[in-house]
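Work through these short exercises with the structure in view. Try each task before you read its solution.

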Amino acid sequence: MSGRRELAEKLLEACRAHGIMLATAESCTGGLIAGALTDIAGSSDVVDRGFVTYSNAAKMEMVGVSAATLDAFGAVSRETAVEMAAGALARSHAGIAIAVTGIAGPGGGSAEKPVGLVWFGIALRGRAVAAEQRLFEDKSRDYIREETVKAALALAIAALDGLHPQ
């Protein structure tokens, strides 16, 4: 996989090619995806906003994840990632939204949801929200968060690859 900056540049260019803005809804990365994008000068023409929804209350209040979803499936789940992405899209001017929720460690994991488990949601206007799960090696909190950022950027690029540029 490419480096963070290279992926961020590719995603910004893909958004420009499609004439759309981007929003993020981040839990385990705490704003690092938005940060990777806004580290690049000129990104303001593409990056609309980022929601850091670290707590369950923030997930519900900021991007509309339902209490029933959190109760039934937990914060780290396909269902939560999908609702986060859909909510970020609905609460922004973006045409694509990226959501991540996971367990970066070092604690907080379980047999069912180990440290390194991350769910991604990608929402594109007019399309069903896609979700994908990754299990990153439990090398360190920093490693899991960095790999999550790179995977999220790559997934968004791949989602845009299927669209016809404007």
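The exercises below go from single residues to a helix and then to a pocket.

This is a predicted model, in which local features need pLDDT of at least 70 and side-chain atom pairs count only at pLDDT 80 or more, while totals for chains, interfaces and linings use all residues. Residues are numbered from 1 along each chain as its sequence is written, and side-chain values use heavy atoms, with hydrogens and water left out.

**Exercise 1. Place A23 and list its contacts.**

Step 1. Find the element. A23 sits in strand β1, which spans residues 22-26. Strands (E, at least two residues) and helices (H or I, at least four) are DSSP runs, numbered from the N terminus.

Step 2. Classify the residue. Buried means under 20% relative accessible area, exposed means over 50%, and partly exposed lies in between (1.4 Å probe, protein chains only). A23 has 0% relative accessibility, so A23 is buried.

Step 3. List the contacts (heavy atoms within 4.5 Å). Not counting residues up to four places away in sequence, A23 touches R49, A88, S92, A94, I96, A97 and I98.

**Exercise 2. Classify E13 and Y143: buried, partly exposed or exposed?**

Step 1. E13 belongs to helix α1, residues 4-18. Its relative accessibility is 48%, so E13 is partly exposed.

Step 2. Y143 belongs to helix α6, residues 141-161. Its value is 25%, so Y143 is partly exposed.

**Exercise 3. Describe how α3 packs.**

Step 1. Pick out the buried residues. In α3 these are A58, K59 and V63.

Step 2. Look down the helix axis. The buried residues fall within an arc of 105°, so they line one face of α3. The arc is taken from the directions from the helix axis to the C-beta atoms.

Step 3. Name the cover. It includes β1, β2 (47-52), α4 (67-73), α5 (78-90) and β3.

Step 4. Zoom in on V63. Its relative accessibility is 1%, so V63 counts as buried. Leaving aside neighbours within four places in sequence, V63 contacts A25, F51, T53, A58, E83, M84, G87, A88 and R91.

Step 5. Check a distance. V63 and S92 are 29 residues apart in sequence and 9.8 Å apart in space, C-alpha to C-alpha.

Step 6. Step past the helix end. Just after α3, G64 has a positive phi of about 75°.

**Exercise 4. How many disulfides does the structure hold?**

Step 1. Recall the bond. A disulfide is a covalent bond between the sulfur atoms of two cysteines.

Step 2. Apply the cut-off. The test looks for a pair of cysteine sulfur atoms within 2.5 Å. The whole structure gives zero disulfides.

Step 3. Check two cysteines. C15, at 0% relative accessibility, is buried. C28, at 4%, is also buried.

**Exercise 5. Describe the largest pocket.**

Step 1. Know the term. On a 1 Å grid over the protein atoms alone, a pocket is an open set of points where a 1.4 Å probe fits, with protein on both sides within 12 Å along at least five of seven lines; lining residues have an atom within 4 Å of a point.

Step 2. Describe the lining. It has 14 residues, and S27, C28, Y54, G102 and I103 lie nearest the centre. α3 (56-63) and β3 (96-102) each supply at least two lining residues.

**Exercise 6. Find the cis peptide bond.**

Step 1. Go to G105. The peptide bond from G105 to P106 is cis, with omega near 5°.

Step 2. Place P106. This residue lies in the loop between β3 and β4 (117-124).
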